[in-house]
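Reader: I'd like to learn how to read a helix in a structure file. Could you walk me through one?

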Amino acid sequence: MRRNSRARLSLSLLLVAGVLGLGAAPATAAEVHTAAAAPSAIPSASAYALDAAVERTLGAGTAGTYLDRKTGELVVTVTTDRAEEQARATGATVRRVARSAAQLDSVIETLEAEAKITGTSWGIDPRTNQVAVEADSSVSARDMARLEAVAERLGGAVSISRVPGVFHREVLGGGAIYGGGSRCSAAFNVTKGGARYFVTAGHCTNISANWSATSGGSVVGVREGTSFPTNDYGIVRYTDGSSPAGTVDLYNGSTQDIASAANAVVGQAIRKSGSTTKVTSGTVTAVNVTVNYGDGPVYGMVRTTACSAGGDSGGAHFAGSVALGIHSGSSGCSGTAGSAIHQPVVEALQAYGVSVY
């Protein structure tokens, strides 16, 4: 188990992050808000910096951080006097909780060993100081009973909820950017040493080494790295001579500039841009999430309430000008409430030595 440390196509075929997508025909709405939309703030630059500082200073000494819904302040959960002292020294708001990071990690390890059931996911919700488990509609009554028995043994450390639909990587055949007969959304344009790339989902880059703007069209980019399962990120280098802008398509005639990258904080507001459901909004609900897809698990993911659908794979999860994640999959949407999962983009950037711009 890994612990989470916390493109649009123009006529010149320049890829701008977030507009390329894998899947069904795009929806007509410019933006769909989830039922939990507008519940939480976008962290300030100082809040992201504070979150990173807490991670560096406390490490496993904190049971997680989250954004307070009412005040917008970063809250650090701790279980010891020493950790509380260290957290307060960073300037963060501190809350004492019952379960430490080590205890929550032990719960996840037990679930991994005894309840690794396709159609389930689990991750840490520091707001409740629990491991929040979701089971999709494919989980049988027998497997659900098994999951509940394991959870009961773990006491109040686990919460279980059913979600509609089935957890799946959101990949479908269709138009837009093609690779191996499929299309995917790009997340963010990135750079290294003057070269331009885009990052997307690893289950997309597993499909093909070459990516084109149209089915059978000329290649605009070549895969230089891919990681799935376990992770879900990949990178494609532009080979068509283009220098695309570092922006995300908002599907309303405008774009969002991306200036930095950070790890998402539980409780914060996010947006997702993908070619099928366009721009949707939601809230981060859990980190260090394991998702048991049918073709292999992914670890260290982030769970949100944003809507998504087949074709959004590889799209951008962001808040303002901050890049947060690469869309991986979901169990679909119920009305306007979704379950979009993202791969933290910071991990991908570090793996490939690239940066957003």
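Author: Happily; we will start with the whole chain and then turn to two helices and a loop. This is a predicted model, in which local features need pLDDT of at least 70, side-chain atom pairs count only at pLDDT 80 or more, and totals for chains, interfaces and linings use all residues. Residues are numbered from 1 along each chain as its sequence is written, and side-chain values use heavy atoms, with hydrogens and water left out.

Reader: How many helices and strands does the protein chain have?

Author: The protein chain has 6 helices and 28 strands. Helices (H or I, at least four residues) and strands (E, at least two) are DSSP runs, numbered from the N terminus. Of its 357 residues, 57% count as buried. Buried means under 20% relative accessible area, exposed over 50%, and partly exposed in between, with a 1.4 Å probe and protein chains only.

Reader: What should helix 4 span, at 1.5 Å a residue?

Author: The expected span is 1.5 Å times one less than the number of residues. For the 13 residues of helix 4 (residues 141–153) that gives 18 Å, and the end C-alpha atoms are 18 Å apart, which agrees.

Reader: Which residues of helix 4 are buried?

Author: First, the general idea. An α-helix has 3.6 residues a turn, so residues three or four places apart point the same way. In helix 4, the buried residues are Met-144, Leu-147, Val-150 and Ala-151. Seen down the axis of helix 4, they fall within an arc of 125°, so they line one face of the helix. That arc is taken from the directions from the helix axis to the C-beta atoms. On the other side of helix 4, Ala-141, Arg-142, Glu-152 and Arg-153 are exposed.

Reader: What covers the buried residues of helix 4?

Author: Contact means heavy atoms within 4.5 Å. The cover includes helix 3 (101–114) and strands 7 (120–125), 8 (130–135) and 9 (158–162). Helix 3 has buried residues too, among them Leu-104, Ile-108 and Leu-111. These buried residues of helix 3 pack against several elements, including helix 4 and strand 23 (278–293).

Reader: Where is Thr-80 found, and is it buried or exposed?

Author: Thr-80 is in the loop between strand 5 (74–78) and helix 2 (81–89). It is partly exposed, with a relative accessible area of 37%. A polar atom of the Thr-80 side chain lies 3.1 Å from the backbone nitrogen of Ala-83.

Conventions:
Polar contact = N/O pair within 3.5 Å; in protein donor to acceptor, adjacent residues only side chain to side chain.
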